[in-house]
Amino acid sequence: MYTDIHSHVIWGVDDGAETREETFRMLKEAVADGIGTIVCTPHVTPGVYKFPEQTFQEHFRDAEVYIQQEKLPLKLYQGAEILYTENTPRLLREGKVPTMAGTNYALIEFSPTDKREHIFDALQKVAGCGMIPIIAHMERYPAIGKIEQVEEMKSRFRAMVQINTRSLTKKIPLLRRGFFDKLFREGLVDYVATDTHAMEGRGTCMTAGIKALEDKYGEVTAKRIIKMAEGLVIHSSEFRIQN
Ligand SMILES: [Fe+2]
């Protein structure tokens, strides 16, 4: 069973699932898609939009109850997809922004128009908080298009790279294809995840994504990436933040 570290399955907190029923259908769909663990990562925009924390907690618990009732082989963890803002480092330091399954790994998203300098500066600040930044859907940022840039982000800020499984199943624009291939071939991708938002359109895509991963970049690469996501939650208690 796969571990999906990027999912908007919890309803009513962002642009993901819109209703309780949709959450429930998406949970069943995830299981059918080979997923056994989900880190629920609603959008959080620190200091810009107030995150509906209480609603998230209620809907998350409701989803867990549903999983128990239906006896689904599925485990949920809490996380967030954090859009980087100037408030992000301070709120991360104060423990006011959810990290991945309570670890010091933070899933960080940028705007597709962000410049390289901004992204590097942001990663430096996140790393400076003692966090390990996981860059959400790395394929989306045109400012990062060279392997050396990714290597630098990894060596200087311990940054991790997440790619959406849907990007593996669809055709990558010619301009980005070489970069995308190199990321995988040179072992620079740490996680693939569904980033699922809804039943229709942006549904789950794990099994197909992993199949494409194996076909394009080989079984060894696929296995390593699958294990990385497992490790993030299995060992989450080892690097849990002490408050
Ligand atoms: Fe997302």
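**Close-up views of a predicted model**

**Figure 1. Helices α4 and α5 are roughly parallel to each other.** In this predicted model, the axes of α4 (residues 116-128) and α5 (residues 147-157) cross at roughly 20° and come within 10 Å. Because angles under 35 degrees count as roughly parallel, the pair falls into that class. The crossing of α4 and α5 is right-handed. On the α4 side, the contact involves Arg116, Phe120, Leu123, Gln124 and Ala127, which meet Gln149, Met153 and Phe157 of α5. By class, this contact of α4 with α5 comprises 5 nonpolar, 2 polar and 1 charged residues.

**Figure 2. Helices α8 and α9 pack at an oblique angle.** Helix α8 spans residues 206-217 and helix α9 spans residues 219-234; their axes lie 7 Å apart, at an angle of about 140°. The two helices are therefore classed as oblique to each other. From α8, the residues Ile210, Leu213, Glu214 and Tyr217 take part in the contact, and from α9 the residues Glu219, Thr221, Ala222, Ile225 and Ile226. The contact of α8 with α9 contains 6 nonpolar residues, together with 1 polar and 2 charged residues.

**Figure 3. Lys71 has a positive phi in a loop.** Phi of Lys71, a residue other than glycine, is near 55°. Most residues other than glycine have a negative phi. Lys71 belongs to the loop between α2 (53-69) and β4 (75-78). Lys71 counts as exposed because 7 C-beta neighbours lie inside 10 Å, and the cut-off for exposure is 12 or fewer.

**Figure 4. His137 has a positive phi at a buried loop position.** For His137, phi is near 30°, a positive value in a residue other than glycine. The loop that holds His137 lies between β7 (132-135) and α5. His137 is buried, since 21 other C-beta atoms are within 10 Å.

**Figure 5. The whole protein provides the setting for the close-up views, with 9 helices and 9 strands.** The C-alpha atoms fill a box of roughly 50 × 40 × 35 Å, taken along the principal axes. The radius of gyration of the protein is 17 Å, which agrees with the value near 18 Å for a compact globule with 243 residues. Of the 243 residues, 42% count as buried. Among contacts with a separation of 6 or more, 79% are between residues 24 or more positions apart.

Notes:
Residues are numbered from 1 along each chain as its sequence is written. This is a predicted model: local features need pLDDT of at least 70, side-chain atom pairs count only at pLDDT 80 or more; totals for chains, interfaces and linings use all residues. Axes are lines fitted to C-alpha atoms, for helices over the stretch in contact, and angles run from 0 to 180 degrees between N-to-C directions. Helices (H or I, at least four residues) and strands (E, at least two) are DSSP runs, numbered from the N terminus. Angles under 35 degrees count as roughly parallel, over 145 as roughly antiparallel, 65 to 115 as roughly perpendicular and the rest as oblique. Two residues are in contact if their C-beta atoms, placed from the backbone, lie within 7 Å. Ala, Val, Leu, Ile, Met, Phe, Trp, Tyr, Cys and Pro count as nonpolar, Asp, Glu, Lys and Arg as charged, and the others, Gly among them, as polar. A crossing is left-handed if the near helix is turned anticlockwise from the far one by less than a right angle, and right-handed if clockwise. The radius of gyration is taken over C-alpha atoms; the globule rule is 2.2 Å times the number of residues to the power 0.38. A residue is buried if 20 or more other C-beta atoms lie within 10 Å of its own, exposed if 12 or fewer, and partly exposed in between; C-beta atoms are placed from the backbone.
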